[in-house]
Amino acid sequence: ISLLNPELAWDASFFDEPVMLLGFVLLGRSLEEKARIQASSDMNELLSLISTQSRLVITSSEGSPSTDSVLSSDSICVEVPTDDIRVGDSVLVLPGETIPIDGRVIAGRSVVDESMLTGESLPVFKEEGLTVSAGTINWDGPLRIESSSTGSNTMISKIVRMVEDAQSREAPVQRLADSIAGPFVFSIMTLSAATFAFCPDTSQENELCPMLILVAMLLRILLWSL
């Protein structure tokens, strides 16, 4: 208003501060929301690595597979949804496929790409007795895996859940700032009202004016530092 009407002779030097403060707050919130959306997108991509279909191995006897094959002579494979796999079931994972469940190798030898979980660039050798994780990629040979955890109990699902929990929780510094913000704003408003009441005209001498102005300036600096 003072810029459009110079005849009002208002000092508009302080009008830019509220605008800049709101601009910084909105910028911070937009960056925070962008980071949250990016993290959610990354977590969805991580979950998409888990295969929705698995080869369930069904055997008519308790005989172990031969050394030349991961399947026994009386075993058959049935393709079922991964959600239907239960703890103790065995699944067959062929080369180039993604391992759908966490479990233990009970037959076969291969190398597995675990970079999406551990960041290790080199594939890890797997054989009977070693554990594998859902979302990792079988590279070399077929593996027969006994399921130890499925669905939301897999390692990859736990990682996604931990990230989501971290996003939903507030940092201790943020909680401290929120607890201070309310009383701080009311104190600023009270001091502003007191300054206006006791110092309506700066040309008049008043002992309270310098003190009120000093306190108001200190709180103003503190507000900018937050």
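A residue counts as buried when its relative accessible area is under 20%. By that cut-off, buried residues make up 24% of the 226 residues in this protein. The model is predicted. It holds five helices and nine strands. This briefing covers the overall build, one sheet, the salt bridges and a buried aspartate.

**Overall build**

- Along the sequence, the elements follow the pattern α-β-β-β-β-β-α-β-β-β-β-α-α-α.
- Take the contacts with a separation of 6 or more: 68% of them involve residues 24 or more positions apart.
- The accessible surface comes to about 15200 Å². Carbon and sulfur atoms account for 62% of that surface.

**A three-stranded sheet**

- Strands β6, β5 and β8 form an open sheet, in the order β6-β5-β8. The pairing is antiparallel.
- β6 and β8 are the edge strands, and each pairs on one side only.
- Strand β8 spans residues 137-138. Two bridges join β5 to β8.
- Across that pairing, Val112 stands opposite Asn138 in β8.
- In general, strands of a sheet pair through backbone hydrogen bonds.

**Salt bridges**

- The count comes to four salt bridges. Three are described here.
- Arg104 pairs with Glu146, with the closest N and O atoms 2.7 Å apart. Arg104 lies in strand β4 (residues 102-107) and Glu146 in strand β9 (residues 143-149), so this bridge ties together parts that are 42 residues apart in sequence.
- Both ends of that bridge are partly exposed: Arg104 has 36% relative accessibility, and Glu146 has 28%.
- Glu127 and Arg109 form a salt bridge at 3.6 Å, N to O. Glu127 sits in the loop between β6 (124-126) and β7 (131-132), and Arg109 in the loop between β4 and β5 (110-113). They are 18 residues apart.
- Glu127 is partly exposed at 27% relative accessible area, whereas Arg109 is exposed at 59% relative accessibility.
- Glu114 and Lys126 meet in a salt bridge at 3.1 Å, N to O. Glu114 lies in the loop between β5 and α2 (115-118), and Lys126 lies in strand β6. Twelve residues separate them.
- Why does Glu114 count as buried? Its relative accessibility is 13%, and the cut-off for buried is under 20%, so Glu114 qualifies.
- Lys126 is also buried, with a relative accessible area of 8%.

**A buried aspartate without a salt bridge**

- Asp113 lies in strand β5, the middle strand in the order β6-β5-β8.
- Asp113 is buried, yet has no salt bridge.
- Which side chain of opposite charge is nearest to Asp113, and how far away is it? The answer is Lys126, at 11 Å. A salt bridge needs the nitrogen within 4 Å of a carboxyl oxygen, so this pair does not count.
- Lys126 does bridge to Glu114.
- Asp113 has a polar partner instead: a 2.9 Å polar contact joins its side chain to that of Ser115.
- What else does Asp113 touch, leaving aside neighbours within four places in sequence? Asp113 is in contact with Glu120, Thr136, Ile137 and Trp139.
- One of these contacts, Ile137, falls in edge strand β8 (137-138).

Note on methods: Residues are numbered from 1 along each chain as its sequence is written. This is a predicted model: local features need pLDDT of at least 70, side-chain atom pairs count only at pLDDT 80 or more; totals for chains, interfaces and linings use all residues. Side-chain values use heavy atoms; hydrogens and water are left out. Helices (H or I, at least four residues) and strands (E, at least two) are DSSP runs, numbered from the N terminus. Buried means under 20% relative accessible area, exposed over 50%, partly exposed in between (1.4 Å probe, protein chains only). Contact means heavy atoms within 4.5 Å. Accessible areas come from the Shrake-Rupley method with a 1.4 Å probe; for residues, only the protein chains shown count as cover. Lys and Arg count as positive and Asp and Glu as negative; His and the chain ends are not counted. A polar contact is a pair of N or O atoms within 3.5 Å; within protein, one must be able to donate a hydrogen and the other to accept it, and residues adjacent in sequence count only if both atoms are side-chain atoms. Two strands pair if DSSP finds at least two bridges between them.
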